[in-house]
Amino acid sequence: MVDVEWLVKNVTYRDNCYVCFTDEQTVQFTFSSREPGSHPRCSSWTLLRSLREKIKNSTELDNSFIRNLTLFTEDPDRDYPNQDVVWKRFEQAFLVAYGLVTYAPVFKDYLYEGLRQFYEDNIMFVEIRALLPATYELDGRLNDKDWSMRACQEVVKRFRSHYPDFLGARIIFSIHRGINATEAVKAVEEAIQLQSNFPDIMAGFDFIGQEDPGRPLWYFKDALSIPEERGVNLPYFFHAGETDLQGTDVDQNIMDALLFNTKRIGHGFALVRHPVVKEMSRKMGVPIEICPISNQVLKLVSDLRDHPAAVLMAEGHPLVISSDDPALFGATGLSHDFYEAFMGFGGMSFNLGTLKELVLNSLRYSSLPSQRKEEAIEDLLVKWDKFVLGSLL
C-alpha cells in the first residue's frame, strides 16, 4: 500500500539489510545482525551497503528493485499475455517486499507511512486486508500475530495523535485461499481469538489470492461455520467473483459468500452473470468492492466502459471503490481508482452527485460501529462541502 520508492530509498538503505538474487531473476531481502544462511534457489546473501559501495552509482540497482516491486511495464500486452502470467508476476512482487515489510521495525514504519500517504490522499478511514505473517527481529526471533495486532494498535494511535481528524484504521485478517481444510479451521480459530483480543482494530476475516486456481469458499464451509456454532461474531469480507470464467467451482463463490453473511464482496466481477445472486445481494444491502485499476492490470477488463460495475450502478446496486494494491500498480491511495471509476463506468451521465454517493458509500459500508459511522459521515459532509466550494472558487 506504500509507494515502492519509499521501500527502496528508505528501507533498503537501513543498516543490516541483505539482498540475494534468485533463479527467476527477482530479488529477496532480509535484515540480520550477521550474514544469513543460504536461501533456496538464490545467490549468497550480500550486505546491501557493501554492494552499493562497490558499484558506486546505485541508481540502476535501486531502479531494478523498484521494477521488482511493481507490475509497471511499457508494454503490458506483450509482457503479460494472460491472467496466469500477470498473477505470477503479481505474487512475485509480494515475495520481494516480504523480507522488508516483515522486519519488525519496518512493519511499524511501513504502516505509519501507509496511513500518511492515505491521509495525504484525503482518506479519513481505512480497512486493510493483512495476512499478518510472523514479523522478525534483527537476531532472528519471530513475533506472533498478537504482536502484529498490538503494533497496529500502537501505530494507529500514534498516527491519530499527529492527525486528530483521521478516523482510524482496522485490519481484515486474511489467509491465502490455497490452504487446506485443516489449516482453514486453525485460521478461523485464530481470527476469532484476534477479534476477541483486539475488537477495536480487528474488522473481520477474508481469503485472498487468485480465485480461479484457488479453493472455492464452499470447500471451507466447516471452518467458516465455526463462529456461528460457537455463538461468536466474526464478520466476513469475502473476495468472490474475481473471475471472467463461468461454470467453474469458484463461480459459485458469490452465492456462498452471501450464504455466509459476508459484509461486502471483494471485486464481484462475475456478479452480473448471476441474476438471482445479484438481486439477492442488492436486497441484502451487500456492496461490491470495485477495484478498477486492479481489474485492468490483472486482465479482467481492458476498457472500463465494459466493466460490469457500469451495469450494477445503473441498477442501483450498492458499490464502494477500493484501491486493492495501489503501490504495485503505480497508483496513489484511492484517487486514481475514483478517477477511473468516474470516467469509465457512467459515461456522460455521471455527475458530482454520483461521485458524492460513491464517497459516502465508503463510510456507509465500513466496519465502523453505528455511532462512529454517523459521526464520520457528518465529518465527511463538512469536508465535501468545502471541496465543492473550493472547486467553484
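The following dialogue examines how several labels in this predicted model are justified.

Modeller: This is a predicted model, in which local features need pLDDT of at least 70 and side-chain atom pairs count only at pLDDT 80 or more, while totals for chains, interfaces and linings use all residues. Residues are numbered from 1 along each chain as its sequence is written, and side-chain values use heavy atoms, with hydrogens and water left out.

Biologist: Why is proline 213 called exposed?

Modeller: Exposed means over 50% relative accessible area, buried under 20%, and partly exposed in between, with a 1.4 Å probe and protein chains only. Proline 213 has a relative accessibility of 61%, so it counts as exposed. Proline 213 belongs to the loop between E8 and helix H9 (221–224). Helices (H or I, at least four residues) and strands (E, at least two) are DSSP runs, numbered from the N terminus.

Biologist: How far apart are proline 213 and aspartate 249 in sequence and in space?

Modeller: They are 36 residues apart in sequence, and their C-alpha atoms are 9.6 Å apart.

Biologist: What makes asparagine 16 partly exposed?

Modeller: Its relative accessible area is 29%, so asparagine 16 falls in between the limits for buried and exposed. Asparagine 16 lies in the loop between H1 and E1. Its phi is near 70 degrees, a positive value in a residue other than glycine.

Biologist: Which class of exposure does lysine 299 have, and where is this residue found?

Modeller: Lysine 299 is partly exposed, with a relative accessible area of 25%. The loop between helix H13 (292–297) and helix H14 (308–314) contains lysine 299, and the phi of this residue, near 65 degrees, is also positive.

Biologist: How do you know that the buried residues of helix H2 line one face?

Modeller: In H2 (residues 48–55), the buried residues are Leu48, Leu51 and Arg52. Down the axis of H2 they fall within an arc of 95 degrees, so they line one face of the helix; the arc is that of the directions from the helix axis to the C-beta atoms. The face turned away from this buried side carries the exposed residues Glu53 and Lys54. Just after H2, lysine 56 takes a positive phi of about 65 degrees.

Biologist: What covers the buried residues of H2?

Modeller: The cover includes helix H1 (4–9), strand E1 (17–21), strand E2 (27–31), strand E3 (46–47) and helix H3 (59–69). Contact here means heavy atoms within 4.5 Å.

Biologist: What makes E1 and E2 a pair?

Modeller: Two strands pair if DSSP finds at least two bridges between them. E1 and E2 have five bridges, in the antiparallel sense, so they satisfy that definition. Phenylalanine 21 stands opposite valine 27 in E2. The two strands form a hairpin with five residues between them, and glutamine 25 in the turn has a positive phi of about 60 degrees.

Biologist: How many residues of E2 are buried, and which way do they point?

Modeller: Five of the five residues of E2 are buried. Val27, Phe29 and Phe31 point one way, and Gln28 and Thr30 the other. In a regular strand the side chains alternate between the two faces of the sheet.

Biologist: Why is strand E7 called largely enclosed?

Modeller: Eight of the nine residues of E7 (residues 168–176) are buried, so this strand is largely enclosed by the rest of the structure. Six bridges join strand E4 (residues 125–130) to E7 in parallel, with valine 126 partnered by alanine 169. Six bridges also join E7 to strand E8 (residues 202–208), again in parallel; there isoleucine 172 has glycine 204 as its bridge partner.

Biologist: What makes E9 and E12 edge strands?

Modeller: Four strands form an open sheet in the order E9-E10-E11-E12, with parallel pairing. Strand E9 (239–240) and strand E12 (319–321) each have a single partner strand, so one side of each is left without a neighbour in the sheet. Within this sheet, two bridges join strand E10 (residues 265–267) to strand E11 (residues 288–290), and glycine 266 is partnered by glutamate 289.
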